[in-house]
Amino acid sequence: MHALSMEPGLSSPHSQMRILALANQKGGVGKTTTAINLGTALAAIGERVLVIDLDPQGNASTGLGVDRRDRRLSTYDVLIAERTLASVIQETAVPRLALAPATIDLAGVELEIADHKDRAHRLRAALAALAQEQSADTNEAAFTYVLIDCPPSLNLITMNAMAAAHAVLVPLQCEFFALEGLTQLLSTVDHVRTNLNPGLALHGIVLTMFDSRNSLATQVVADVRGFLGEKVYETVIPRNVRISEAPSHGKPVLLYDLKCAGSQAYLKLASEMIQRERAYRATESGGAQTSPNQHPEKPNDESLQNGG
Ligand SMILES: Nc1ncnc2c1ncn2[C@@H]1O[C@H](COP(=O)(O)OP(=O)(O)OP(=O)(O)O)[C@@H](O)[C@H]1O
Ligand SMILES: [Mg+2]
């Protein structure tokens, strides 16, 4: 649909900053919930995390407690290239977790930037500028993880996320139609790799909203693992009422109820992700490079309560 081309001359995103796009064109599969709670869990184990809300619905912003009135500047301003990413970022109540919020203006951004040659690379350029700023500023702890919450569409906004990311993380709901649409999503990732971002990897599939009382859900998990093998995370996020209650309190579930099954699952997912990242970095650099942070296997409860 969009005639997209590779943009030369843009430096690749900063190597210390791992940029992951949470994408699935299916609605309501847990993209936003995973961005918020995986982000919080990563922050709790010592990472410095930025969540970029790229959905006009702004659910990640609401779920992280940033009221619409406080979203004067947003990712819309970044995509129309009127503001730097650094200038729209806000700290959240979660220590070490920052947010680039979204507003409804984003809904019209596709038309606004359609005629620009760099339209698919706006976010990539903004992240490259942010990385450069952060490496120059010794006082500012640089982001180690950037999670981009995409809208439920394979539109230009999602293209911007995939063009900017090192890898795509796909939340998949454990339901009958889970695999439907996945082929299209995976071929979009291939398309972006060919045309926009040769380094783009498929990070993994996160199974969400698993209900153990539903035998169909167990079958879906088996099917998805059969189809995608190791790309599917071991950790499965259960259906958990606390997860769905938390956003109405403007809190990640880890702050709302740390002990519940949902919080524990997201902590487990974060640990698994760090392990995978370590293995990935080791193969990439022949084992020479290590993670910028040391990760205790478990966060202490204090690390979540401070600063909130
Ligand atoms: N593990 C879970 N247990 C219970 N409810 C959940 C769980 N994960 C997500 N939900 C709820 O399901 C709904 C959809 O989740 P979410 O908003 O994260 O999906 P999404 O993929 O971001 O949706 P959209 O495509 O509209 O952006 C929300 O109401 C959320 O609170
Ligand atoms: Mg969402």
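In this predicted model, helix H1 passes helix H12 in a right-handed crossing. Helix H1 also gives the most to the shell around ligand 1, with 3 residues, so this briefing starts with the H1–H12 pair, moves on to the ligand and a second helix pair, and ends with the confidence scores.

**Helices H1 and H12**

- The axes of H1 and H12, the latter spanning residues 261–284, come within 8 Å and cross at roughly 65 degrees.
- At that angle, H1 and H12 are therefore roughly perpendicular to each other.
- On the H1 side the meeting residues are Asn37, Leu38, Ala41 and Leu42, and on the H12 side they are Tyr266, Leu267, Leu269 and Ala270.
- Sorted by class, the contact of H1 with H12 has 7 nonpolar residues, 1 polar and no charged.

**Around ligand 1**

- There are 20 residues around ligand 1, and those that come nearest are Lys31, Thr32, Thr33, Pro152 and Ser244.
- Three elements give two or more residues to this shell: helix H1 (31–44), strand E7 (201–210) and helix H10 (241–245).
- If you are thinking about the chemistry of the shell, its residues divide into 11 polar, 6 nonpolar and 3 charged.

**Helices H6 and H7**

- Helix H6 covers residues 122–136 and helix H7 covers residues 156–164; their axes come within 7 Å and cross at roughly 40 degrees.
- That crossing angle makes H6 oblique to H7.
- The crossing of H6 and H7 is right-handed.
- H6 brings Arg122, Leu123, Arg124 and Leu127 to the contact, while H7 brings Asn160, Ala161, Ala163 and Ala164.
- In the contact of H6 with H7, 5 residues are nonpolar, 1 is polar and 2 are charged.

**Confidence in the model**

- The protein chain has an average pLDDT of 88, and 87% of the residues score at least 70.
- Residues 1–14 have a pLDDT below 50, and this stretch has 27 contacts in the model beyond near neighbours in sequence.
- Residues 287–303 also have a pLDDT below 50, with 22 contacts in the model beyond near neighbours in sequence.
- A friendly reminder: where pLDDT is low, the predicted coordinates should not be read in detail.

Terms used: Residues numbered from 1 in each chain as written. Chains lettered and ligands numbered in written order. Predicted model: local features only at pLDDT ≥ 70, side-chain atom pairs only at ≥ 80, totals over all residues. pLDDT = per-residue confidence, 0-100. Contact = placed C-beta atoms within 7 Å. Near = placed C-beta within 6 Å. Helix = DSSP H or I, 4+ residues; strand = E, 2+ residues; numbered from the N terminus. Nonpolar A, V, L, I, M, F, W, Y, C, P; charged D, E, K, R; others polar. Axes fitted to C-alpha atoms, helices over the stretch in contact; angles between N-to-C directions. Parallel < 35°, antiparallel > 145°, perpendicular 65-115°, else oblique. Left-handed = near helix turned anticlockwise from the far one by under 90°.
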